[in-house]
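Dear colleague,

Please find below the structure I promised to pass on to you. My notes on it follow, arranged by topic.

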Amino acid sequence: MKKVVFSTLGLALLLSTSTAVASAQEAAPALQKESIQPSNSWYADTEPNNWFDEITSEITVGDGIDIYGSLGRKIPGGYAGYYDFVDYYKFTASQSGFYEFNIQGEIYPKAWMRLSVADSKGSVKRSAEERQYRLGLNLKAGETYYLLVEATDADVGQLFDYRVSSTIKQIN
């Protein structure tokens, strides 16, 4: 008789635990990553572009042209390879004006993406403040600049897919 009671109690306990776990699983929504949809005109992150002297082509900014890239992936090379935590894009200002760059993509509690613009010699003209995903500055027509996208305080294994859009406003 004791075996039957313990077996019945054990079965009741197992069923109540299973039901509670199933209820908890149904109640917790699945986290979904927001997808980044390509626009009609865009550039893709082409490696190598991890330093000024590695860039082989220029991009166009403004006019609805977006840049799609990723950071944090392992790149083969050297003794053990390295991780890509910065991308450089070379462009020539098509007109004098106020250029605004916006970035969207992954955000981690400790790590985030930062935008910067450097002049043709590689000196940074301006960087976005911490956790600010917009950068604006005045640029001169015909001059060459570099747009830098970097993952700050990133840990190995954190991946950052991003989209950078830009607009140009003429200065009167």
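What does the accessible surface of the protein chain come to, and what percentage of it belongs to carbon and sulfur atoms? The accessible surface is about 11000 Å², and 54% of that area belongs to carbon and sulfur atoms. Please bear in mind that this is a predicted model.

Overall architecture

The protein chain contains 1 helix and 12 strands. Along the sequence, the helix comes before the strands, giving the pattern α-β-β-β-β-β-β-β-β-β-β-β-β. Of the 172 residues in the chain, 33% count as buried. Among contacts with a separation of 6 or more, 73% are between residues 24 or more positions apart.

Nonpolar cores

The largest nonpolar core has 25 residues, and the members that touch the most others are Phe101, Leu147, Tyr162 and Val164. Two or more residues each are supplied by strands S3 (65–71), S6 (86–92), S7 (97–105), S8 (112–119), S10 (134–139), S11 (144–152) and S12 (160–170). The greatest contribution is that of S11, with 4 residues.

Phe101 may be a useful place to begin when viewing this core. Leaving aside neighbours within four places in sequence, Phe101 is in contact with Val61, Phe91, Leu115, Val117, Tyr133, Arg134, Leu135, Leu137, Leu147, Val164, Ser165 and Ser166. Two of the residues named above, Leu147 and Val164, are thus among the contacts of Phe101. There is also a second, separate core of 7 residues, including Phe52, Tyr88, Ala118 and Tyr146.

Salt bridges

The structure holds 5 salt bridges. Three of them are described here.

Arg163 pairs with Asp66, and their closest N and O atoms are 2.8 Å apart. This salt bridge links distant parts of the chain, since Arg163 belongs to strand S12 and Asp66 to strand S3, 97 residues apart. Asp66 counts as buried at 3% relative accessibility, whereas Arg163 is partly exposed at 22%.

Glu100 forms a salt bridge with Arg134, with 3.8 Å between the closest N and O atoms. Because Glu100 lies in strand S7 and Arg134 in strand S10, the pair ties together parts that are 34 residues apart in sequence. Glu100 counts as buried, with a relative accessibility of 17%, while Arg134 counts as exposed, at 53%. Arg134 also appears among the contacts of Phe101.

The side chains of Glu150 and Arg114 meet in a further salt bridge, at 3.2 Å from N to O. Here too distant parts of the chain are linked: Glu150 is in strand S11 and Arg114 in strand S8, 36 residues apart. Arg114 counts as partly exposed, with a relative accessibility of 25%.

Backbone features in loops

Most residues other than glycine have a negative phi. Against that background, two residues deserve a look.

Arg131, although not a glycine, has a positive phi of about 60°. Arg131 is found in the loop between strand S9 (124–127) and S10, and is partly exposed, with a relative accessible area of 28%.

Asp153 likewise has a positive phi, near 55°, and is a residue other than glycine. Asp153 is placed in the loop between S11 and S12. With a relative accessible area of 51%, Asp153 is exposed.

With kind regards

Methods
Residues are numbered from 1 along each chain as its sequence is written. This is a predicted model: local features need pLDDT of at least 70, side-chain atom pairs count only at pLDDT 80 or more; totals for chains, interfaces and linings use all residues. Side-chain values use heavy atoms; hydrogens and water are left out. A nonpolar core is a set of buried Ala, Val, Leu, Ile, Met, Phe, Trp, Tyr and Cys residues joined through side-chain atoms within 4.5 Å. Buried means under 20% relative accessible area, exposed over 50%, partly exposed in between (1.4 Å probe, protein chains only). Contact means heavy atoms within 4.5 Å. Accessible areas come from the Shrake-Rupley method with a 1.4 Å probe; for residues, only the protein chains shown count as cover. A salt bridge is a side-chain nitrogen of Lys or Arg within 4 Å of a carboxyl oxygen of Asp or Glu.
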